[in-house]
Amino acid sequence: MENQTTPTEFILLGFHNIQGLHLLLSWVISIIYIFTILGNMLIIFLSLVEPCLQTPMYFFLGNLSLLDICQTTTTVPQMLVHLVSGRSSISYARCATQLYFVVFFVGAECILLAIMAYDRYMAICKPLRYTLLMNRKFCVLLVSVSWLSGALNAALHMFLTIHLPFCEANRVNYFYCDIPPLLALSCGDISFNVTMILVSSIFLGWSPTLCIGLSYGYIVSRILKIHSPEGRSKAFSTCVSHLTSVLLYYGSSIFTYVRLLSSYSLDNDKLISLLYNIVTPMLNPLIYTLRNKDVKRAMKKVLVRKMFF
């Protein structure tokens with residue numbers, strides 16, 4: 001009879017084939033992590049203290065920064081411990097907890113990016129009703145929906161994953177605990193898990209993508225009707241940063257999870273997981289500050305106050 005005992009710990013093998021580069025990688029990842037935390041904390045701070053940034057757009061941006069901080073903190077510190085110590089084990093309970101929060105923050109961010117696209121649609125296509133419709137109470141409700149959707153989706157997938165049999169197999173070919181590598185490790189039937197990933201991808205992946213596409217379709221149509229080149233440029237500039245974040249995040253996350261439905265290779269997709277867990281959260285503050293005059297203006301005002309008062 002096949003032994004289906006649940007392992008007490010997992011061994012993460014994400015860095016096993018680059019033994020000589022552990023020290024260099026730990027420095028690179030540490031620098032990226034520090035920049036991610038500082039950059040996103042700056043966005044949150046500015047959106048809270050600067051009156052000119054206390055609008056729905058920056059309220060959503062502050063929540064996006066908070067999600068990015070949470071997402072990277074779920075995986076990066078553990079990666080650094082494994083790189084520096086050389087020990088890559090993680091207990092079964094910690095692995096399940098990490099899986100929950102990874103899926104939680106990924107799902108919440110997918111919904112939040114769609115909400116941000118809807119906000120840009122309302123601001124550009126319904127400017128006279130924007131302030132009335134996108135009031136503080138409604139914005140808080142939208143953000144709550146994104147966080148709650150991510151939490152419920154994560155609870156479902158964690159429950160399904162931890163009840164899979166692993167036949168004492170505990171060597172995970174990944175940098176952290178996530179659904180794809182654990183499904184690949186299981187010795188049981190994973191067809192229902194894959195079906196639920198498809199259902200989740202429809203609600204948290206493809207549906208928000210459709211919402212974003214429709215929003216920007218209306219936005220582009222509206223912008224093209226603006227006669228002033230300056231007006232068109234200003235309208236486009238408020239959307240470019242968000243579109244860049246959407247392409248980076250949705251492209252990598254959908255590529256990782258939806259590929260389970262066809263052929264899937266952990267070796268090929270580990271770098272994709274690093275993209276949306278480490279690189280994208282670091283780039284978001286740069287994307288939104290370098291191309292955003294309001295944020296740059298707010299940063300200058302804060303610096304001036306700190307220098308002279």
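1. Cys 52 comes out as partly exposed, because its relative accessible area is 36%, and partly exposed covers the range between the buried cut-off of under 20% and the exposed cut-off of over 50%. Please keep in mind that this is a predicted model.

2. Cys 110 falls on the other side of the lower cut-off. Its relative accessibility is 5%, so Cys 110 counts as buried, given that buried means under 20%.

3. Now to the cysteines that pair up. The structure holds one disulfide, and its partners are Cys 95 and Cys 177, with 2.0 Å from S to S. As a reminder, a disulfide is a covalent bond between the sulfur atoms of two cysteines.

4. What does this link bring together? Cys 95 belongs to helix α3 (residues 92-125), while Cys 177 sits in the loop between β3 (171-172) and α6 (179-185), so the bond ties together parts that are 82 residues apart in sequence.

5. If you would like to look at the geometry of the link, the angle about the S-S bond is -115°, and the link of Cys 95 and Cys 177 is left-handed. Are these two cysteines buried or exposed? Both Cys 95 and Cys 177 are buried.

6. Away from the cysteines, have a look at the nonpolar surface patch of about 470 Å². Leu 198, Val 199, Ile 202, Phe 203 and Trp 206 make this patch.

7. One member of that patch, Trp 206, lies in helix α7, which covers residues 191-224. Trp 206 counts as partly exposed because its relative accessibility is 44%.

Terms used: Residues numbered from 1 in each chain as written. Predicted model: local features only at pLDDT ≥ 70, side-chain atom pairs only at ≥ 80, totals over all residues. Heavy atoms only, no water. Patch = residues over 30% accessible without salt bridge, like charges linked within 9 Å, V, L, I, M, F, W, Y side chains within 5 Å. Areas by Shrake-Rupley, 256 points an atom, 1.4 Å probe, with all protein chains shown as cover. Salt bridge = Lys/Arg side-chain N within 4 Å of Asp/Glu carboxyl O. Helix = DSSP H or I, 4+ residues; strand = E, 2+ residues; numbered from the N terminus. Buried < 20%, exposed > 50% of the residue type's maximum accessible area, 1.4 Å probe, protein only. Disulfide = S-S within 2.5 Å.
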